[in-house]
Each structure stands twice: as structure tokens, then as C-alpha cells.
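Trainee: I'm new to this structure and would like a close look at a single part of it. Could you walk me through the sheet and what surrounds it?

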Amino acid sequence: MKLGVFYEHQLPQPWENGGEEHLFANALEQIELADRLGYDFIWQVEHHFLEEYSHSSAPEVFLGAVSQRTKNIRIGHGICLSPPHYNHPARVAERLATLDLISGGRVEWGTGASASLIEMHGFGIDPDQKTAMWYEGVEQTANMMAMRPYPGYDGQFFKMPPRNIVPKPIQKPHPPLWMACSRRESILRAARHGVGALVFGFVEPFQAKIWRDEYYETIKSDECVRIGHSVNANIATLNGMMVHENAEEAMHRGIDGF
């Protein structure tokens, strides 16, 4: 088992001058400590317009800072929004490769499409098409990092002529590929695509075991047709922790939220 820390950059109101600056500074300081303590991963979300809940709209910038303040911890997009309307696949490939280079090959590439109408409608995304957009964006970003030159693409959601996408990442053919999941159906879809399952949901241990077993059975089977150029057979789940000097107070505050 490997352990990591997960950041959304939450900032409840009222917002005071310097609040966002302190939020980012504190997160960087915590991640430096996590690296020294031997944590395996740091995951950073990408969200847009979600006041208070997440002020992490440019994770690639934040993770660039993380790469220069740490030495060993794996640096994860949890996730990079993949539909082309959010991020052009070529820009995703360029940013991932650059981050992989300056971090010494420590990038984990998490993907997803968001479930928030505030975000989707803000970028002109039809919720009924988000899964198809995700597939097209992820598939072509993987091709751009792995192929020289990239032969071009004429798809439903974006078009691009042949180009050589530079730089290329240290990790070949590309950083390990993950997909955001919240239900059993999406976990099995991740397995069928040959990617790691980032489970953003709180489940009981017995339920997690069932989902985990089904995931590995599927990814080992003929149902697995990889979307990228390599298979990442891993499953990760999100959990919570409440820290307080007084254990009873930690339980009082934490259990209600969980």
C-alpha cells in the first residue's frame, strides 16, 4: 500500500486579503513536509468557478512549484480535465511532458471530465457528450506524447494537422494514466481502458474490496483495450483525516463531515 495527500485548495468565506496567497503557501509547506516524511503521492485537482470548494484552477502551475520543492514524492494531476473544450490535447501533452522533465520523471497523469454543470456550461460542454470528449482528449494526448511525429487528427471535438509535440516526457511512452471514478461502473470502465482508477468516493472497506477485486479481474481480461500506450493497473481510494490536539474534538469535528 502507498499513501498520499490530496489537495483541492478549499477556501471558505469570508475571504480576507492574502487568503489565497496563504492557502497556496501553506499547501506547499505541507507538501514539502510530506516529501520529507516519505509520503508516496501528492494529488492536485483541477476545478473552475467552484468558489470555496476549490480554488485550484491551474494545477499545472502549482505542481510545477511542487516539483522544485520536493525530491521523491510522485506528482499527480487528480485530475487534469481532458475534454478539448477545457484543455487542448496538445497543451496537455506539452504541460505533462514539461512537468515530467523538471520533476525528474515523477508525474502521474490523472484524467476526467468533471461532473459539475457550473464548469461544463462555463466551457460550453454538453454533459451528454463529456464521456466522448474525455475519450478523444485522452487518446490523442497519449498519442502526442508517444508518437514522433504526431500524425494529426480530424475528430468530433477537435482537429489538428500533423505536428511533432515537444518536449517528450522522461517516462515512456507517457506518465502513468489514471481516470477519475465515483461508482462501480466507472471503476470497471477504467479497467476496460487499461488505466488506473482514482476513486473519488468514500466507501466502507468491504465495498472497496469488492470494487478492487472486480477492477483487477477486468484489467487482466480480454475486456481491457488500453486507451493509452501502456497499461496502469492500479486503484486508489480517497479517505479523510481530521487532525486536532484533542482526540475527542477531532472525532467530534471529523465524523459529522465524513
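Mentor: Sure, here is a walk along the sheet, strand by strand, with a few stops at the helices and one loop.

Keep in mind that this is a predicted model. The chain's secondary structure comes to eight helices and nine strands. Let's get the overall build out of the way. For 258 residues, a compact globule would have a radius of gyration near 18 Å, and the chain's 19 Å agrees with that. Its C-alpha trace spans about 60 × 45 × 35 Å along the principal axes. Of the 258 residues, 46% are buried. If you take the contacts between residues at least 6 apart in sequence, 68% of them join residues at least 24 apart.

Now for the sheet. Seven strands form an open sheet in the order β1-β2-β3-β4-β7-β8-β9, and the pairing is parallel. β1 (4-7) and β9 (235-237) sit at the edges with a single partner strand each, so one side of each has no neighbour in the sheet. From one strand to the next, the twist averages 25°.

Let's start at the β1 edge. Side chains alternate along this strand: Val5 and Tyr7 point to one face and are buried, while Gly4 and Phe6 point to the other face and are not. β1 pairs with β2 in the parallel sense, over four bridges. One place to find that pairing is Val5, whose bridge partner in β2 is Ile42. To get from β1 to β2 the chain passes through helix α1 (residues 19-37), and this β-α-β crossover is right-handed.

Next step over: β2 (residues 41-44) runs parallel to β3 (residues 74-81), and four bridges join them. You can pick out Phe41, whose bridge partner in β3 is Arg74, and Trp43, which stands opposite Gly76 in β3. Here too there is a right-handed β-α-β unit, made by β2, helix α2 (residues 59-69) and β3.

β3 itself deserves a pause. Seven of its eight residues are buried, so β3 is largely enclosed by the rest of the structure. On its way to β4, the pairing is again parallel, with five bridges joining β3 to β4. Leu81, for instance, has Gly112 of β4 as its bridge partner. β3, α3 and β4 make another right-handed β-α-β unit.

The loop between α3 and β4 holds Gly104. Is that residue buried or exposed? Gly104 counts as exposed, because its relative accessibility is 54% and the cut-off for exposed is over 50%. If you want a distance to check on screen, the C-alpha atoms of Gly104 and Ser57 are separated by 24 Å, with their positions 47 residues apart along the chain.

Back in the sheet, β4 is joined to β7 by three bridges, and the two run parallel. Thr111 finds its bridge partner in β7 at Met179. Four of the five residues of β7 are buried, so β7, too, is largely enclosed by the rest of the structure. On to β8: β7 and β8 pair in the parallel sense over four bridges, and Ala180 stands opposite Leu198 in β8. The chain crosses from β7 through α6 to β8, in a β-α-β crossover that is right-handed. That helix, α6, lies across β7, β8 (196-199) and β9, and runs at about 165° to β7.

One last stop is helix α5 (residues 130-146). How far apart should its ends be? At 1.5 Å a residue, its 17 residues should span 24 Å, and the end C-alpha atoms are indeed 24 Å apart, which agrees. Several of its residues are buried, among them Met133, Trp134, Gly137, Val138, Thr141 and Met144. When you look for a pattern in a list like that, remember that an α-helix has 3.6 residues a turn, so residues three or four places apart point the same way. What covers the buried residues of α5 includes pieces you have already met: α3 (89-102), β4 (107-112), β7 (177-181) and α6 (184-193). The cover also includes β5 (153-154) and β6 (159-160).

Notes
Residues numbered from 1 in each chain as written. Predicted model: local features only at pLDDT ≥ 70, side-chain atom pairs only at ≥ 80, totals over all residues. Heavy atoms only, no water. Expected span 1.5 Å × (residues − 1). Buried < 20%, exposed > 50% of the residue type's maximum accessible area, 1.4 Å probe, protein only. Contact = heavy atoms within 4.5 Å. Pairing = 2+ DSSP bridges. Axes fitted to C-alpha atoms, helices over the stretch in contact; angles between N-to-C directions. Right-handed = clockwise from strand over helix to strand, strands pointing away. Rg over C-alpha atoms; globule rule 2.2 N^0.38 Å.
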